[in-house]
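Work through the exercises below with the sequence and the model at hand. Each task is followed by a solution in steps.

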Amino acid sequence: MSYYLDILGNIGIFMILAMSLNVICGMTGLLQLGHAGFFALGAYSAGLVSIYWQLPGLGMVNFIPGALAAMLVASLFAVLIGVPCLRLRGDYLAIATLGFGEIVRLSLQNLYFPAPPALLERGVERIGGATGISLPVNAQYGSWWFIWIFVIITYVLLVNLKRSAIGRAFLAIREDEIAARAMGVNLPYYKSLSFVLSAAFAGLAGALYAHKQLTLHPGDFGLLRTIEVLLMVVLGGLGSFSGAALAALLLIGTREALGQIPYIGPNRELFFALLLILMIRFVPNGLFGLKEFDGVARQLARRFKRAREDEPHG
Amino acid sequence: MDLFLYYLVEGICNGAVIALIALGYTLVYGIIKLINFAHGEFYMVGAYAGFAMYAVVPSSVPVWLTILLLLLVAGIAGAIIAIITERIAYKPIRDSSRLVALLTAIGVSFFLQNLFKFVNSGNRLAFGGAVAEVTQFSVRIFGTGFYLSKFVFILVTVLLMVWLWYLVAATRFGRSMRAVSQDLDAARLMGIDVDKTIMMTFALGGFFAGVAGMMVGAIKQIDPMMGFMPGLIAFVAAVIGGIGSVPGAVIGGFLIGILQTMVVWLGLRLGYAEAANAYKEVAVFLLLIVVLVVRPQGILGRAERIKV
Amino acid sequence: MKSGVYRRMVGAAALVAAVAGMVLAVGCGSEAEEGTIRIGVIVPLSGNLSPLGSSTLEGIEYRVEQINAAGGIDGRMLTLKVEDNRGDQSQSISAFKKLTGLGGVTAVIGPITSTNALAVANPVTQAGVPTVTPTATNDQVAPASPFLFRACFKDSFQGEVVAQYALGQGITSAATMTELSSDYSIGLVRSFMQAFRKGGGTIAAEVSYQEKDTEFGPQLSQIKESGAKLVFVPGYPGEVPLILKQAKVMGLAATFCGADGWDHQDIIQQSGDQIVGAFFSGAFSPEDQREIVQNFVTAMTARTGTEPGSFEALGADSVTLIVEAIKAAGSTEATAVRDAMTRLEKVTTVTGPITMTADGDARKSAVVMGVVKAGDGYDKKYLATIQP
């Protein structure tokens with residue numbers, strides 16, 4: 001049981017990641033391939049905060065400064081990279097952000113931080129680099145319910161954002177940039193805002209990941225991670241937060257299940273890759289389209305109602 | 001001891017391989033606007049095919065003939081896997097959105113990597129015997145050792161480029177390729193077999209990648225992930241050169257090859273060898289972002305005009 | 001359009017149901033084997049380190065078969081549950097959680113590299129399951145958790161062994177090559193340099209590389225310029241053969257040496273002529289005439305087709321340690337097994353008698369092996385034994 005709850009925690013983190021990528025890719029329609037970079041920045045910021053600065057006796061309250069630092073650092077880098085890159089269109093933006101993601105990973109692989117006093121005593125002079133950083137054991141706040149509180153907060157915030165004026169501006173950019181500009185949408189402002197919001201929530205996911213996993217290393221934040229998350233967004237339906245979250249559950253669940261089947265288990269990645277190609281091929285518009293849970297539920301209810309009415313009487 | 005010349009030559013040799021891979025990206029993008037993420041895997045498949053072929057070739061065949069044969073087999077294997085990929089994975093989704101195509105390409109790349117992990121249980125392979133003796137034969141120049149076979153990289157790349165230039169400029173296939181890249185629908189209306197042209201373009205790119213994979217595999221090692229980073233770097237080269245432009249890919253390839261070794265050389269000169277070696281890939285991606293910001297269409301690319 | 005949404009929802013529901021069904025079916029199935037003692041194994045079976053992982057697993061499987069053939073532990077058979085961690089920290093953590101959370105294992109063997117073993121230290125403490133790493137030699141590993149043990153010696157001893165042997169050969173100038181992605185490599189270089197300097201040697205150059213690097217020209221030219229007579233490269237089979245081959249190309253005249261990560265046929269056979277004359281520290285020598293060693297070498301050679309190295313031997317010895325601890329504890333209860341493990345003394349194993357310290361370190365001797373040319377290939381040759 002404890003193992004399934006642990007997986008539930010992982011799923012929660014991926015839900016937040018998928019929802020955050022959905023802001024920029026799904027709602028605003030800008031393809032971003034550097035999301036793992038923001039996730040990494042968040043995880044490392046939160047990790048370093050809790051390595052150097054932890055107030056004893058406060059327990060989970062210690063999560064807050066780390067999480068704030070994570071969101072702040074991720075947003076900061078989003079501004080830094082967003083201002084020059086967001087003028088790029090389509091594939092070029094995707095490539096530039098891909099470059100950014102790789103720069104973050106490769107830099108973390110070669111960046112060292114001075115060791116905290118506890119480690120200095122054991123003869124370790126520096127932490128970081130390719131072997132990564134380790135958080136203190138008492139900084140583990142990885143319970144599934146703790147993560148799921150943030151999943152719910154994120155979901156509520158982002159769905160409300162989608163239904164606000166800002167959200168409608170994002171959607172207008174996605175449908176037609178030129179038409180949106182003609183209607184008075186400030187393109188650079190809204191594009192940057194979308195980019196920064198997306199990065200901030202990715203940073204939050206990173207902080208949760210750091211405090212769940214305790215061991216962080218750059219190899220965890222490669223291009224493959226971005227692509228995993230992008231898949232969730234596409235499978236869920238571009239622009240749908242409910243869809244992104246459900247897709248995160250489905251994809252991670254499937255991968256776990258594959259791992260537990262004899263013979264397939266050791267080669268699950270092979271089957272997973274095949275499954276991905278098929279999913280994209282047969283569900284290109286995702287499970288939910290642009291809708292959220294309530295929209296889909298209404299539609300299903302209508303359909304059932306009509307089906308009942310269509311039934312021959314007697 | 002100044003190793004400038006050594007690193008320059010090393011950079012040119014590495015650049016030749018990058019250029020060869022980058023050609024595949026650029027050809028495919030030029031014709032159907034697809035970033036073929038699985039291209040690095042064609043390179044890996046070529047190396048494996050060459051290795052498998054080597055086990056079959058009798059040792060009585062002269063070494064130079066064996067190597068030529070291995071290069072050819074690797075190229076053909078790359079072409080075949082490219083055709084299969086195009087037919088099974090890309091053709092059915094040609095009319096879907098760009099995002100669907102991109103994700104499919106990534107899925108294919110992921111699939112091929114894991115397929116070879118499954119076949120080979122992830123072990124690294126290295127050439128042995130007569131071929132290894134030839135490919136790993138070294139000469140002493142610039143005060144240090146140098147693989148003689150690396151010069152073959154340049155030779156092979158130049159030969160293949162001349163061939164490609166001839167294909168594109170002077171053959172029927174080249175003409176239909178240029179037509180399809182300008183306007184796919186118009187080309188179809190003019191009676192060009194678009195499907196066949198796209199397939200042949202993939203085959204051509206796969207051939208180049210397969211040859212490149214074999215050349216590198218012969219002096220280094222072969223493993224299922226070997227195509228990932230070179231693929232990514234070559235892709236960056238294609239973008240920097242101007243994606244869709246054949247000479248652009250070549251220029252981009254050599255530029256990046258030289259940039260990487262020059263970063264290392266500078267690091268050695270200034271006493272930061274460790275850091276320079278570690279950050280040589282960061283330098284590539286930084287150059288990418290700078291080029292994209294300053295000149296998004298790349299060095300030789302044509303700017304896209306936005307029509308309202 | 002509407003029916004599209006409907007179809008998709010049905011599809012998703014079916015997928016969820018199928019996934020849940022599979023998990024339940026498999027979950028129930030695994031509870032079937034009553035009365036056996038389950039031991040989890042975490043080794044890399046894919047990726048860069050897979051040659052080391054599969055060798056270790058061979059040793060583990062061989063020893064388990066041997067024990068079961070002799071009647072198990074008081075009639076209870078051992079069963080193995082193997083997880084592939086791909087040599088990756090995150091995968092190691094999830095593999096460990098899976099084995100202890102779902103697999104119901106009594107003890108765990110692995111992970112085999114120091115970096116991965118350090119990553120599981122916290123989960124090991126939390127789960128409270130005795131874990132024996134066969135080959136994670138970094139000093140920090142065993143003290144990192146009260147439930148973490150190792151079958152191998154530690155790096156501060158191993159680095160000293162290599163340094164002492166080199167100094168004994170009259171070599172006084174050395175260079176080191178560190179793999180920055182490995183705690184094992186980092187720790188070993190540190191202890192080697194300390195011991196080498198203390199013995200009157202000088203370190204002429206310190207260079208480094210990353211896992212999966214394929215170009216070592218810059219590092220090797222630095223070493224060449226420094227004029228070092230010895231190069232210490234405590235790496236793994238993924239990179240070491242390439243380093244040695246490229247060193248030959250550069251015309252580097254120095255002798256190469258390594259540590260127990262070299263005790264694998266992939267390094268010995270694939271590194272080319274530069275490896276002739278090289279030496280490394282290992283856990284045991286196949287030339288050792290003790291009966292247990294000779295039986296092991298014969299059985300493993302018949303099993304895998306190659307002569308076993310430290311990885312096979314320490315895999316087998318990890319099983320021995322767990323079995324001895326369970327026997328001494330008289331139960332499979334985790335804390336009892338842990339306590340019994342810390343009291344093990346002079347356990348007879350392939351790699352010599354092992355005595356456990358309170359920290360979970362194994363006190364044992366090391367051997368120094370050399371490499372010689374043998375026909376078309378290369379062969380290991382016993383050079384010296386060094387006591388702790």
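**Exercise 1. Find the residue that stands opposite C:Cys257, then place its strand among its neighbours.**

Solution. C:Cys257 stands opposite C:Phe279, which belongs to β10(C). The model is predicted: local features need pLDDT of at least 70, side-chain atom pairs count only at pLDDT 80 or more, and totals for chains, interfaces and linings use all residues. Residues are numbered from 1 along each chain as its sequence is written, while chains are lettered from A and ligands numbered from 1 in the order in which they are written.

Step 1: the parallel neighbour. β9 (residues 255–258) of chain C pairs with β10(C) in the parallel sense over two bridges. Helices (H or I, at least four residues) and strands (E, at least two) are DSSP runs, numbered from the N terminus; two strands pair if DSSP finds at least two bridges between them.

Step 2: the connection. From β9(C) the chain passes through helix α9 (residues 265–270) of chain C to β10(C), in a right-handed β-α-β crossover. Right-handed means that, with the strands pointing away from the viewer, the path from the first strand over the helix to the second runs clockwise.

Step 3: the antiparallel neighbour. β10(C) pairs with strand β13 (residues 366–374) of chain C in the antiparallel sense, over four bridges. There, C:Gly370 is the bridge partner of C:Phe279.

Step 4: the faces. β10 (residues 279–282) of chain C is covered on both faces, with C:Phe279 and C:Ser281 buried on one side and C:Phe280 and C:Gly282 buried on the other. A residue is buried if 20 or more other C-beta atoms lie within 10 Å of its own, exposed if 12 or fewer, and partly exposed in between; C-beta atoms are placed from the backbone.

**Exercise 2. State in which sense β6(C) and β7(C) pair, and over how many bridges.**

Solution. Step 1: β6 (residues 173–179) of chain C and β7(C) are parallel, with seven bridges. One pair of bridge partners is C:Met177 and C:Val207, the latter in β7(C).

Step 2: helix α6 (residues 183–198) of chain C carries the chain from β6(C) to β7(C), and this β-α-β crossover is right-handed.

**Exercise 3. Describe how chain C meets chain B.**

Solution. Step 1: count. 20 residues of chain C are in contact with 22 residues of chain B. Two residues are in contact if their C-beta atoms, placed from the backbone, lie within 7 Å.

Step 2: elements. On the chain C side, two or more residues come from each of α2 (50–69), β7 (202–209), α7 (217–226) and α8 (240–250) of chain C.

Step 3: composition. This side of chain C has seven nonpolar, 11 polar and two charged residues. Ala, Val, Leu, Ile, Met, Phe, Trp, Tyr, Cys and Pro count as nonpolar, Asp, Glu, Lys and Arg as charged, and the others, Gly among them, as polar.

**Exercise 4. Which element of chain A gives the most to the side that touches chain B?**

Solution. Step 1: 30 residues of chain A are in contact with 30 residues of chain B.

Step 2: α3 (63–85), α4 (90–110), α10 (223–236) and α12 (268–282) of chain A each give two or more residues to this side. α4(A) gives the most, with 11 residues.

Step 3: the chain A side divides into 22 nonpolar, four polar and four charged residues.

**Exercise 5. Is A:Phe170 buried or exposed?**

Solution. Step 1: A:Phe170 lies in helix α7 (residues 165–175) of chain A.

Step 2: 27 other C-beta atoms lie within 10 Å, so A:Phe170 is buried.

Step 3: leaving aside neighbours within four places in sequence, A:Phe170 is in contact with A:Met27, A:Thr28, A:Tyr190 and A:Ser194.

**Exercise 6. Check the span of helix α10 of chain B and say how far it is enclosed.**

Solution. Step 1: the 14 residues of α10 (residues 228–241) of chain B should span 20 Å at 1.5 Å a residue, and the end C-alpha atoms are 20 Å apart, which agrees. The expected span is 1.5 Å times one less than the number of residues.

Step 2: 13 of the 14 residues of α10(B) are buried, so the helix is largely enclosed by the rest of the structure.

Step 3: just after α10(B), B:Gly242 has a positive phi of about 110 degrees.
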